[in-house]
2 protein chains.
Amino acid sequence: MTFLEKLESRQKKAKTVLCVGLDPSREKIPQSIMAKGNPIFEFNKAIIDSTHPYVCSFKPQAAYYGAIGAEKELEMTIQYVHDEYPGIPVILDAKRSDIGPTAEMYAMEAFDRYKADAVTVNPYLGFDSVKPFTDRKEKGVIILCKTSNPSSRDFQDEMINGLPVYIAVAKKAVTEWNYNGNILFVVGATFPSQLREIRKIAPTVTFLVPGLGAQGGSVREVMNNGLRDDGLGIIISSSRAIIHASQNDDFAEKAKEVAESNWKEISENWKN
Amino acid sequence: MTFLEKLESRQKKAKTVLCVGLDPSREKIPQSIMAKGNPIFEFNKAIIDSTHPYVCSFKPQAAYYGAIGAEKELEMTIQYVHDEYPGIPVILDAKRSDIGPTAEMYAMEAFDRYKADAVTVNPYLGFDSVKPFTDRKEKGVIILCKTSNPSSRDFQDEMINGLPVYIAVAKKAVTEWNYNGNILFVVGATFPSQLREIRKIAPTVTFLVPGLGAQGGSVREVMNNGLRDDGLGIIISSSRAIIHASQNDDFAEKAKEVAESNWKEISENWKN
């Protein structure tokens, strides 16, 4: 089963396109959890257990683990999802990229070591930097297209041959890089009109859409502009607004409330 | 002392611009080393001890450690250089990039956890993704400009307002991003005419130039096209051709021979 098959099966079954980002900040984790062994894993486990009914995917952010040397807890987190919720795919948000032989190492990191089902990849180095990822047929390769941050305009909005860079990236990725049908795009929820524009030139590609909550994106605008004709094709991701909804012992319960509320908003705006 | 001060002090004192990349492939490390505890560290330690007279910097490549869960050995490697050869700065080649709050975590990873003196950064996400790195005045931030791989032409050579993307990146980085004077560029040895072009628009910036040896770049062309007027301003990096010159027990000795030979070639072509 490929990543996209697993994802869509889950999306249909659980009727959700919500993805919970696992980007835990140590200083926001309650003391009762920090006192345990492997506190980052224990925190994630509680979030996963409480929010799983509402999600189509979990997305740990590699930087939050790398900054504090918590690689083992990242491994444990992904394994936990595979063991306990085998229908829910895991996206490793790592935004890796390098020349071919080194990109091969990053593909090993994401897929063999961490056992992620998909990984985010930066396109700046071109095809030979992406190929070690896309060669893994069963995995998802999520190319940064139009990112959610304000400075994404610095280069992504510049024009190449009359087209914005993010469109040039999308066009190349969907034609030349998609030989295994496992390409997805990152398109920020903060740019709904660009989302619509990219949907037009990539009608069948699935988009990972971050930037809800803390960053200000709207579920309704994302659903209106991003859904495919078949009513699928998007993954709406939220991290901090869910996992750190409370910094007290009720964090898992509060995370569940926010995830449920996001799920309801998704349902109300879903034409599926 | 900033990264650039440390680097130039070392370059002048040791009369070298050579950087040895520490990208160890487990299958090329001799059995006698693999049998030890922390074999990746032991391998690096032997390479560092044998090649240090010829280098201005060591550059571990994060992917090679991430792929096999050798983060602790990466920490040990960098600490070993700091302890034993405190005049030699360490560049972490990680090509990280993400939206601001996440980029802050990657800056922590490179500078606080691994204690690197400089890190490579991908510019695709724009200024707010770079600022958490450049805010660290004493650290070097090495922006991918024109990378050494063949597919770098996919986007980096496309034209924005009549200029190639790599020139647009260089111009923005050298003006808007260099408020702390700690920006450097990656420019591949495989593209000497682009190296000359970038030198013209960034006469004072230091370039990290990978792509020698296995990738086919030439020391003479790099020196001719890349040096600043003051005879400095480049770091020529070689990895596999040095560290895996032999896969037998004489690997450290052979690495020294190749490094010395590179150093001689650099000296012969140096107008300093």
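**A tour of chain B**

Begin by selecting strand S9 (residues 206-209) and strand S10 (residues 234-238) of chain B, which pair in the parallel sense over three bridges; two strands count as paired if DSSP finds at least two bridges between them, and strands (E, at least two residues) and helices (H or I, at least four) are DSSP runs numbered from the N terminus. This is a predicted model, in which local features need pLDDT of at least 70 and side-chain atom pairs count only at pLDDT 80 or more, while totals for chains, interfaces and linings use all residues. Residues are numbered from 1 along each chain as its sequence is written, and chains are lettered from A and ligands numbered from 1 in the order in which they are written.

Within this pair, pick B:Val209, whose bridge partner in S10(B) is B:Ile236.

Next, widen the selection to the open sheet of eight strands in chain B, which has the order S2-S1-S10-S9-S8-S5-S4-S3 with parallel pairing. Strand S2 (57-60) and strand S3 (91-96) of chain B stand at the edges, each with a single partner strand, so one side of each has no neighbour in the sheet.

Now add H9(B), which lies across strand S5 (140-146) and strand S8 (183-187) of chain B and runs at about 155° to S5(B); axes are lines fitted to C-alpha atoms, for helices over the stretch in contact, and angles run from 0 to 180 degrees between N-to-C directions.

Finally, show chain A, where 42 residues are in contact with 42 residues of chain B, contact meaning that C-beta atoms, placed from the backbone, lie within 7 Å. On the chain B side, H6(B) gives the most, with seven residues.

How values were computed:
Contact = placed C-beta atoms within 7 Å.
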